[in-house]
Amino acid sequence: MKNIYSRIILFIISFLVWILFTFSFDLQHILIGVVCCLIVTILVGDIYTQNPYKFKNPSRYLWFVYYILVLFWEMLKANIDVAYRVLHPKLPIKPGIVKVKTKLKSDTGLTFLANSITLTPGTMSVDIDKENGVLYIHWINVKTTDIEKATQIIVSRFEKILQKIFE
């Protein structure tokens with residue numbers, strides 16, 4: 001029963017995201033959306049939603065909207081920063097890989113965190129050590145190699161919100 005429920009939840013969420021992104025309500029787009037969402041649900045239904053009961057809480061959806069706004073804001077700031085570094089005559093970069101800690105435990109939460117970091121220009125998730133709660137991040141301008149400080153700079157802005165959504 002849990003498996004069917006998780007697939008139904010995934011289909012509904014996928015279809016809502018489809019409608020949000022296409023913002024088209026004609027029959028052709030709706031049918032294509034239903035087919036695509038069914039394919040996604042069949043292929044990854046039991047992987048994506050391990051605890052579908054969490055999706056019953058409406059506050060998680062509000063936190064998700066807030067997360068999207070924070071993600072876009074951080075992406076905008078990072079794009080400006082990277083553009084500045086590229087256009088600056090001395091190209092002020094100090095690339096390197098840093099280790100950061102996370103409190104997230106769920107696969108979905110860790111995936112969202114790693115993807116959020118990667119989507120923010122100037123950083124890229126390289127590896128995840130789930131057992132120890134560690135991510136390895138390639139950073140275009142390493143400001144610190146201290147795990148706690150690097151975690152504060154890179155991870156904390158997303159982690160607090162993702163905990164409220166997925167944990």
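This is a short conversation about charge pairs, cysteines and burial in a predicted model.

Trainee: Which ground rules apply here?

Mentor: The model is predicted, so local features need pLDDT of at least 70 and side-chain atom pairs count only at pLDDT 80 or more, while totals for chains, interfaces and linings use all residues. Residues are numbered from 1 along each chain as its sequence is written, and side-chain values use heavy atoms, with hydrogens and water left out.

Trainee: What makes K77 and E74 a salt bridge?

Mentor: The term asks for a side-chain nitrogen of Lys or Arg within 4 Å of a carboxyl oxygen of Asp or Glu. For K77 and E74 the closest N and O atoms are 3.3 Å apart, so the pair qualifies. Both residues sit in helix α3 (residues 58-87), 3 residues apart, about one turn of the helix. Helices here are DSSP runs of H or I with at least four residues, strands are runs of E with at least two, and both are numbered from the N terminus.

Trainee: Why is E74 called buried, and K77 partly exposed?

Mentor: Buried means under 20% relative accessible area, exposed means over 50%, and partly exposed is in between, using a 1.4 Å probe and protein chains only. E74 has 10%, so it is buried. K77, at 39%, is therefore partly exposed.

Trainee: How do you know that R85 and D81 pair up too?

Mentor: Their closest N and O atoms are 3.0 Å apart, a salt bridge by that same rule. R85 and D81 also share helix α3, 4 residues apart. R85 is buried at 9%, whereas D81 is partly exposed at 31%.

Trainee: What does the pair D107 and K130 tie together?

Mentor: Here the closest N and O atoms are 2.4 Å apart. D107 lies in helix α4 (residues 107-119) and K130 in the loop between β2 (123-129) and β3 (134-139), so the pair links parts 23 residues apart in sequence. Salt bridges that share partners also join E74, K77 and R157 into one network. The whole structure has 4 salt bridges.

Trainee: Why is there no disulfide between C36 and C37?

Mentor: A disulfide is a pair of cysteine sulfur atoms within 2.5 Å. The C37 sulfur is 6.7 Å from its closest cysteine sulfur, in C36, so that is too far for a bond. The count of disulfides is 0.

Trainee: Are those cysteines buried or exposed, or in between?

Mentor: C37 is buried, at 4% relative accessibility. C36 is partly exposed, at 32%.
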